Amino acid sequence: MAEKKAWVVDVGDEHQEVVFATCEGRARVLAGREAGADPREVTLRHEPRLDEYAPGPVPAEALLGLGWWLTCGWCEHHVTADGCDTCADDAEGEGGSAPEPVTEGASAWCSAGHRDADKEDRAERRQRESTARAAALARLPDAEVEWASATSDGGASVHLRVPGCRGPVTYEWPAGTCLVQLCDVHVLVALSARTALADWESEGGAQ
Ligand SMILES: [Zn+2]
Ligand SMILES: [Zn+2]
């Protein structure tokens with residue numbers, strides 16, 4: 001089997017990605033599929049210095065070493081091998097020294113502080129999602145959770161399949177509101193005979 005090579009693909013707005021493929025034609029197809037673009041329109045080049053990381057992902061450290069900038073996983077600042085200019089300026093303003101950039105696998109952060117904050121945020125979101133799942137199932141025990149996601153307002157949405165409902169049902173925590181398609185309202189009302197009807201809201205099946 002031919003060895004996969006690293007191809008650096010332009011994805012617009014000065015952003016680049018790496019795809020691994022045995023030849024340029026395959027790389028074009030892969031990159032085009034990901035970007036929803038015509039493979040012939042894709043701009044790419046072979047980067048031999050990244051071939052050793054096939055089949056990917058490329059460690060963030062290797063990309064920084066080639067002079068790339070990456071986005072901090074926590075604050076979205078630009079991070080280079082020299083660190084983050086924004087955080088360096090902030091530290092200087094406070095009389096401190098510029099923080100060292102940190103990488104783990106394919107991720108990069110401005111500093112160890114931002115890495116730790118990112119991990120804490122992720123753990124907190126997972127905790128919220130599992131609390132919301134439990135609350136949704138306490139309310140609708142026959143439902144099946146498809147997925148849950150923490151929301152930016154400090155709550156979480158739980159996407160459910162409820163037996164008897166044609167459409168999806170979304171349970172919003174901590175409000176306890178259910179968003180349901182109009183055709184399914186009667187099913188949920190029947191399922192929740194013991195809960196106050198004022199808690200339920202319906203959507204006309206839009207989205
Ligand atoms: Zn950062
Ligand atoms: Zn920064």
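Four donors around a metal count as tetrahedral if all angles lie between 85 and 135 degrees. In this predicted model, the angles among the four donor atoms of the zinc ion (ligand 2) are 104 to 113 degrees, and the site is accordingly tetrahedral. The coordinating atoms of the zinc ion (ligand 2) are ND1 of His77 and the SG atoms of Cys84, Cys87 and Cys110, at 2.0 to 2.3 Å, and along the chain these donors follow the spacing H-x6-C-x2-C-x22-C. Cys84 is placed in the loop between β5 (78-79) and α3 (85-93), whereas Cys110 belongs to the loop between β7 (107-109) and α4 (112-139), so that this pair ties together parts that are 26 residues apart in sequence. Cys84 has a relative accessibility of 3% and counts as buried; Cys110, at 0%, likewise counts as buried.

The zinc ion (ligand 1) is coordinated on the protein side by Cys72 (SG), Cys75 (SG), Cys110 (SG) and His114 (ND1), which lie 2.0 to 2.3 Å from the ion. Because the four donor atoms around the zinc ion (ligand 1) subtend angles of 102 to 120 degrees, this arrangement is tetrahedral as well. The donor residues of the zinc ion (ligand 1) are spaced C-x2-C-x34-C-x3-H in sequence, and Cys110 forms a bridge from this ion to the zinc ion (ligand 2), the two ions lying 3.8 Å apart. Since Cys75 is found in the loop between β4 (70-71) and β5, and Cys110 in the loop between β7 and α4, this pair ties together parts that are 35 residues apart in sequence. Cys75, with 25% relative accessibility, counts as partly exposed.

Attention then turns to the nonpolar cores. In soluble globular proteins, nonpolar side chains tend to be buried together. The largest nonpolar core in the model comprises 17 residues, and those with the most contacts inside it are Leu140, Val158, Leu160, Val162, Val169 and Leu188. At least two residues of this core are supplied by each of α4, β8 (144-150), β9 (156-161), β10 (169-173), β11 (177-181) and α5 (185-191), and the largest share, three residues, comes from β9. When neighbours within four places in sequence are left aside, Leu160 is in contact with Ala136, Leu140, Ala143, Glu144, Val145, Glu146, Pro168, Val169 and Tyr171. Another core, of twelve residues, lies apart from the largest one and includes Ala6, Phe20, Ala62 and Leu70.

Definitions and conventions. Residues numbered from 1 in each chain as written. Chains lettered and ligands numbered in written order. Predicted model: local features only at pLDDT ≥ 70, side-chain atom pairs only at ≥ 80, totals over all residues. Heavy atoms only, no water. Donors = N, O, S within 2.8 Å, 3.2 Å for Na, K, Ca; no water. Tetrahedral: all angles 85-135°; square planar, octahedral: opposite > 155°, others 65-115°. Helix = DSSP H or I, 4+ residues; strand = E, 2+ residues; numbered from the N terminus. Buried < 20%, exposed > 50% of the residue type's maximum accessible area, 1.4 Å probe, protein only. Core = buried A, V, L, I, M, F, W, Y, C linked by side-chain atoms within 4.5 Å. Contact = heavy atoms within 4.5 Å.
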